[in-house]
There are 2 protein chains.
Amino acid sequence: MTVSKTAAVDAGKAARPGRKEPVEAAAEGTALQMGELSELLGYSLKRAQLKVFDDFLRCVAPLQLTPAQFSVLLLLDKNPGRNQTEIANTLGILRPNFVAMLDGLESRDLCARIRSTNDRRSHILVLTDKGRAVLTRAKKLVASKHEARLNELLGPANRAALLDMLATIAREF
Amino acid sequence: MTVSKTAAVDAGKAARPGRKEPVEAAAEGTALQMGELSELLGYSLKRAQLKVFDDFLRCVAPLQLTPAQFSVLLLLDKNPGRNQTEIANTLGILRPNFVAMLDGLESRDLCARIRSTNDRRSHILVLTDKGRAVLTRAKKLVASKHEARLNELLGPANRAALLDMLATIAREF
DNA sequence: CGGTATTTGATATGGTGGATAACAATTATC
DNA sequence: GATAATTGTTATCCACCATATCAAATACCG
């Protein structure tokens with residue numbers, strides 16, 4: 001029914017240290033009023049997304065992987081024998097834009113394009129050994145640093161609930 | 001188990017009449033396995049954000065306002081007498097990029113730059129009458145179409161919990 | 001079979017955001 | 001009063017995203 005107000009969720013509710021605000025606009029350092037912006041889901045959604053992506057980049061910096069690149073490696077590992085169109089489509093990447101992205105991964109020897117014998121138009125995408133190794137290390141970094149930090153902030157239950165709601169929106173909105 | 005019915009758990013069953021289901025025979029198009037991608041918060045976060053922004057654009061299309069423009073108008077309304085740097089900073093927009101954005105709003109007579117008498121370097125930003133009118137109409141569209149749709153999908157309690165968690169991430173992550 | 005349409009990967013290109021450097025005008029600091 | 005800092009601005013640069021188009025390969029269909 002109602003959502004339990006866990007400590008994590010209302011953790012940062014503390015108000016800012018109040019300061020006197022002169023009638024004149026001369027004073028500086030006064031925090032601006034967010035107004036209805038705080039109620040705009042899209043606003044918090046975007047700001048949270050930027051923070052999460054930024055943290056992801058830091059956590060996986062040793063491997064020089066972006067979130068998008070990581071998602072490609074993950075998908076290639078779980079779905080062998082697929083071509084560029086299939087991988088790009090399920091990630092919401094347009095085929096033209098996927099070409100340069102694959103070029104980057106292939107030039108780093110993380111994956112390879114193989115001409116399909118069935119359909120010589122398409123390229124079967126495969127992870128290289130190095131690609132698998134990098135993916136394994138990346139998964140560990142993401143789990144131990146990135147997702148762990150989110151769990152610490154929200155708590156496991158809230159994190160799961162958040163993930164579920166986001167997936168619902170992404171799927172049905 | 002101890003996890004209270006945290007919303008998201010039953011978010012999926014919140015109202016939604018079955019609409020488009022790719023139930024085609026699809027002898028060849030087997031869905032790809034998402035694997036650990038489903039557990040990556042950043043992935044669902046980004047996809048949800050894109051959906052929400054897309055819906056926002058549709059709902060407010062009659063007024064030709066982007067989420068960023070809407071947030072500027074909201075902020076100007078709630079914070080009179082502020083200059084470009086202050087508004088841009090609280091929205092996470094870099095000052096150089098805020099210039100063109102303001103040019104767009106000002107050219108449509110939604111807001112105006114006024115040279116400050118205190119500090120003749122800065123421009124005080126104000127909403128015009130038209131800007132206030134557009135903002136009022138935009139708020140109604142957002143509430144009745146956009147946020148209402150999210151409420152319908154998640155339920156009010158879940159939506160509030162989601163917003164709270166996103167704000168927490170945006171603030172403390 | 002042969003002609004047409006479709007698919008696949010690829011290129012080119014344009015638009016939009018985001019980030020940094022630099023600059024003139026103005027103000028703050030010492 | 002000389003120097004530093006701030007404000008708005010311009011000019012770039014780069015990452016993403018989207019569309020049109022193309023050659024090669026395949027599917028379709030009379």
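# Close-up views of a predicted protein–DNA model

**View 1. A salt bridge links Lys139(A) to Glu36(B).** The two side chains meet at 2.8 Å, N to O. A salt bridge here is a side-chain nitrogen of Lys or Arg within 4 Å of a carboxyl oxygen of Asp or Glu. Side chains of opposite charge can pair when their charged atoms come close. This is a predicted model, in which local features need pLDDT of at least 70, side-chain atom pairs count only at pLDDT 80 or more, and totals for chains, interfaces and linings use all residues. Residues are numbered from 1 along each chain as its sequence is written, chains are lettered from A and ligands numbered from 1 in the order in which they are written, and side-chain values use heavy atoms, with hydrogens and water left out.

**View 2. A second salt bridge joins Glu39(A) and Arg159(B).** The N to O distance is 3.6 Å. This pair crosses between chains. Glu39(A) sits in the segment before helix H1 (41–59) of chain A, and Arg159(B) sits in helix H7 of chain B. Helices are DSSP runs of H or I with at least four residues, strands are runs of E with at least two, and both are numbered from the N terminus. How many salt bridges are there between chain B and chain A? The count is 4. Over all chains, the structure holds 24.

**View 3. Chain B and chain A bury about 6900 Å² between them.** Buried area is the accessible area (1.4 Å probe) that two parts lose on being put together, summed over both. Carbon and sulfur atoms carry 70% of it. The contact (heavy atoms within 4.5 Å) takes 73 residues from chain B and 71 residues from chain A. Across this interface, 16 residue pairs are in polar contact, both at pLDDT 80 or more. A polar contact is a pair of N or O atoms within 3.5 Å; within protein, one must be able to donate a hydrogen and the other to accept it, and residues adjacent in sequence count only if both atoms are side-chain atoms. On chain B, the elements that give two or more residues to the side touching chain A include helix H2 (41–59), helix H6 (129–154) and helix H7 (156–172). H7(B) supplies the largest share, 15 residues. By class, this side of chain B has 36 nonpolar, 18 polar and 19 charged residues. Ala, Val, Leu, Ile, Met, Phe, Trp, Tyr, Cys and Pro count as nonpolar, Asp, Glu, Lys and Arg as charged, and the others, Gly among them, as polar.

**View 4. A rotation of 180 degrees places chain B on chain A.** The shift along the axis is 0.0 Å, and the RMSD is 0.0 Å. That is the relation of a two-fold axis. The fit is by least squares on the C-alpha atoms of residues with pLDDT of at least 70 in both copies. Of the interface residues of chain B, 92% are also interface residues in chain A, so the copies meet through the same surface.

**View 5. DNA strand C is surrounded by 17 residues.** A residue is near a strand if one of its heavy atoms lies within 4 Å of it. Among the closest are Gln84(A), Arg113(A) and Arg120(B). A backbone N or O atom of Arg120(B) lies 2.9 Å from a phosphate oxygen of the strand. For His123(A), a backbone N or O atom lies 3.1 Å from a phosphate oxygen. Arg121(B) places a polar side-chain atom 3.3 Å from a base oxygen. The surface near strand C divides into 4 nonpolar, 7 polar and 6 charged residues.

**View 6. DNA strand D has 18 residues around it.** Lys46(B), Gln84(B), Thr85(B), Arg113(B) and Arg121(B) come nearest. A side-chain N or O atom of Thr85(B) is 2.2 Å from a phosphate oxygen of the strand. The side chain of Arg121(B) has an N or O atom 2.8 Å from a base oxygen. Which helix gives the most to the surface near DNA strand D? H5(B) does, with 3 residues.

**View 7. Arg113(A) lies in strand S1 (residues 111–115) of chain A.** Its side chain makes a polar contact of 2.8 Å with the side chain of Glu106(A). Another polar contact, of 3.1 Å, joins the side chains of Arg113(A) and Gln84(A).
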